[in-house]
Amino acid sequence: MYDELIASPRVLLGPGPSEANARVLKAMTTPMLGYLDTEFVQIMDDTVALLRRVFGTENSLTLPVSGTGTAGMEAALANLIEPGDPVVVGINGYFGGRIADIAARCGAAVTTVEAEWGKHIPAEKIAETVEKVSSPKLVALVHGETSTGILQPLTEAIQIAHENGALFLADCVTTLGGQPVDLDARGIDVAYSCTQKCLACPPGLSPISFSARAVEVIRNRKTPIQSFYLDMTLLENYWHGEKRGYHHTVSMSLIYALREGLRVVLEEGLTDRFERHERNARALLAGAKAIGLQPAAEEGYRAPMLTTLRIPDGIDDATIRGQLIADYGIEIGGGLGIFAGKAWRVGLMGDSSNERNVMLFLNAIEKLLIESGHSAKRGTAVQAASQAYDV
Ligand SMILES: Cc1ncc(COP(=O)(O)O)c(C=O)c1O
């Protein structure tokens, strides 16, 4: 026999998953309904209506795809790209690289526009690249690059894409629910996200939305969509069709969770929620800087839900993260790619973004760093964060 499953309590301050909201977890215990039960169909409709409000869109083709954020990425690319299509992808971190990889697997002729990790991609550089590509079909950027903590400005890039006849894709996996994404106001043609970060739900669904222009592109494809599971025309029929038909058995529990999670988001109010993410990130950084931890992301372009901190010389990454878990139950992320061993990723996402967690983390990291020989005065980090909250 195995023991009953009991997971140790954790304070989730990594790059996701974040803490799931208690109401969301409760909603997940709702009994199963059939995937075409009229009550379940109503729950699906509610979820889509709530999702449109959080995305800031009236896009008809909006729904949560089964699977995590990567499923949304695959769905966006597999539906829009046909073999040989020219696609421009911005890469300034790990996830831009993943978009380029998947786009190439879809047969795209990928041109990348790159910036150093920890820096944003300047609009002029995007313009220069897009203008060199003949008839670009799609320009893709990561809004919140979770490997570096960069919040990429989108407005000019969207204009550049549209002026050159391309659709614009935004990876909003990290930003949805924590920063404005405003699909319609900005003119984003396709955006996808996840449930396990700023929406405070468990992982397993990827909300996605396509503009009317993007839908037109899908409808006018000359080649079939390679993926059956992620074929948006088939999913559209299940989620929005007049005569809904079976496509695959969706996870009722995850859809219950998302519906409740979106209700929680909208009850708080998007503006207040964005402001909360900003406020807690400001305090975290003030505390971190006060003990000599420097941000790895460029000033002016920092995503409030994910702060990257350079690991001081002489400090061992794995030892500190192991102690954070063992002594405090706190999870933070290690660096990805070229930031491995060089930076920590501290997430303050969704419900995890609160003052208690900021203070808990700062107190813990300060103590562990001092014990490892780092020079700082005990109490400095919490005091600096506290002052930042008072401003
Ligand atoms: C910006 C970004 N895009 C895509 C993904 C992939 O999402 P998932 O791990 O949920 O498949 C992540 C995951 O952290 C991400 O941060």
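Which element gives the most residues to the shell around the ligand? In this predicted model, in which local features need pLDDT of at least 70 and side-chain atom pairs count only at pLDDT 80 or more, totals for chains, interfaces and linings use all residues. Residues are numbered from 1 along each chain as its sequence is written, and side-chain values use heavy atoms, with hydrogens and water left out.

The element in question is α3, which contributes 3 residues to the shell. Both α3 (69-80) and α4 (94-105) supply at least two shell residues each, where helices (H or I, at least four residues) and strands (E, at least two) are DSSP runs numbered from the N terminus. The ligand is surrounded by 14 residues, with T68, T70, T146, D171 and K197 coming nearest; a residue is counted as near if one of its heavy atoms lies within 4 Å of the molecule. By class, the shell comprises 4 nonpolar, 7 polar and 3 charged residues, with Ala, Val, Leu, Ile, Met, Phe, Trp, Tyr, Cys and Pro taken as nonpolar, Asp, Glu, Lys and Arg as charged, and the others, Gly among them, as polar.

Oxygen atoms of the ligand lie 2.8 Å from a polar side-chain atom of Q196, 2.9 Å from a polar backbone atom of G69 and 3.4 Å from a polar side-chain atom of T174, a polar contact being a pair of N or O atoms within 3.5 Å. Taken alone, the ligand exposes 380 Å², of which the protein buries 87%, the accessible areas being computed by the Shrake-Rupley method with a 1.4 Å probe.

The ligand sits in the largest pocket, in the sense that more than half of its atoms lie within 2 Å of the grid points of the pocket. A pocket is defined on a 1 Å grid over the protein atoms alone, as an open set of points where a 1.4 Å probe fits, with protein on both sides within 12 Å along at least five of seven lines, and its lining residues have an atom within 4 Å of a point. The volume of the largest pocket, the space filled by probe spheres set on the points, is about 270 Å³. Its lining consists of 19 residues, among which F95, R98, V173, Q196 and K197 lie nearest the centre. The elements giving two or more residues to this lining are α3 and α4, and the largest share, 3 residues, comes from α3. The lining divides into 7 nonpolar, 8 polar and 4 charged residues.

Note on methods. A polar contact is a pair of N or O atoms within 3.5 Å; within protein, one must be able to donate a hydrogen and the other to accept it, and residues adjacent in sequence count only if both atoms are side-chain atoms.
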